[in-house]
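This report looks at selected surface features of one protein chain, together with a domain annotation taken from a record. Please keep the sequence and the model in view while reading.

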Amino acid sequence: MPTPDTSGLLTEQLLRLTRRLHRAQKRHMEPLGITPAQSRLLRMVAHSDRPPRMADLAQRLEVVPRAVTTLVDALETHGSVRRAADPDSRRVVRVELTDTGRATLRALRDARRAAAEEILAPLSDRQREMLGELLDTLAGTPDQGRD
């Protein structure tokens, strides 16, 4: 069993690495004019079976509905999403991805990969494989084709 000092050190290392990865991703996303929060909302819309309701996005993002409104406003200005009426209820607003949004998602994926490559550059292929296995174990999920 690990000692408390080892666990504390690992926690600090993971937090430092997470912050470093977030900074690298933000730096690579900046030229696209998209914030990390907007990127997350775009990915959520893209991975939905049908255009999600604004209220569902707020719940899934664990934010207040007003925050989703602000994100959608910015993404709509960017041309990445559009609001659409729900065919079943006039009061419900759904969020649809546009062609620009799909292109932005591809660029964001490339930016995330470039940021990850920046962080992982010192590791050999075998070390990357080992890290992936360890992270899968910690995340409690089997390898599902990392993105």
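## A positive patch and helix α1

In this predicted model, Arg23 is placed in helix α1, which covers residues 4-29. Arg23 counts as exposed because its relative accessibility is 51%, and the cut-off for that class is over 50%. Together with Arg16, Arg19 and Arg20, Arg23 forms a positive patch on the surface.

## A nonpolar patch and helix α6

Leu14, Leu135 and Leu138 make a nonpolar surface patch of about 300 Å². Of these residues, Leu135 is located in helix α6, spanning residues 125-139. With a relative accessibility of 42%, Leu135 counts as partly exposed, a class that lies between the limits of 20% for buried and 50% for exposed.

## The loop between α3 and α4

Which residue other than glycine has a positive phi, near 60 degrees? That residue is Glu62, and its place is the loop that joins α3 (54-61) and α4 (65-78). Glu62 has a relative accessible area of 72%, and it is therefore classed as exposed.

## The annotated domain

According to an unreviewed UniProt entry, residues 7-140 carry the annotation "domain: HTH marR-type", a description that may be inferred rather than shown by experiment. In the model, the C-alpha atoms at the two ends of residues 7-140 are 18 Å apart, and the span consists of 69% helix and 11% strand.

Definitions and conventions: Residues are numbered from 1 along each chain as its sequence is written. This is a predicted model: local features need pLDDT of at least 70, side-chain atom pairs count only at pLDDT 80 or more; totals for chains, interfaces and linings use all residues. Side-chain values use heavy atoms; hydrogens and water are left out. Patches are made of residues with over 30% relative accessible area and no salt bridge: like charges are joined within 9 Å, nonpolar side chains (Val, Leu, Ile, Met, Phe, Trp, Tyr) within 5 Å. Accessible areas come from the Shrake-Rupley method with a 1.4 Å probe; for residues, only the protein chains shown count as cover. A salt bridge is a side-chain nitrogen of Lys or Arg within 4 Å of a carboxyl oxygen of Asp or Glu. Helices (H or I, at least four residues) and strands (E, at least two) are DSSP runs, numbered from the N terminus. Buried means under 20% relative accessible area, exposed over 50%, partly exposed in between (1.4 Å probe, protein chains only). Lys and Arg count as positive and Asp and Glu as negative; His and the chain ends are not counted. The place of a charge is taken as NZ of Lys, CZ of Arg, CG of Asp or CD of Glu.
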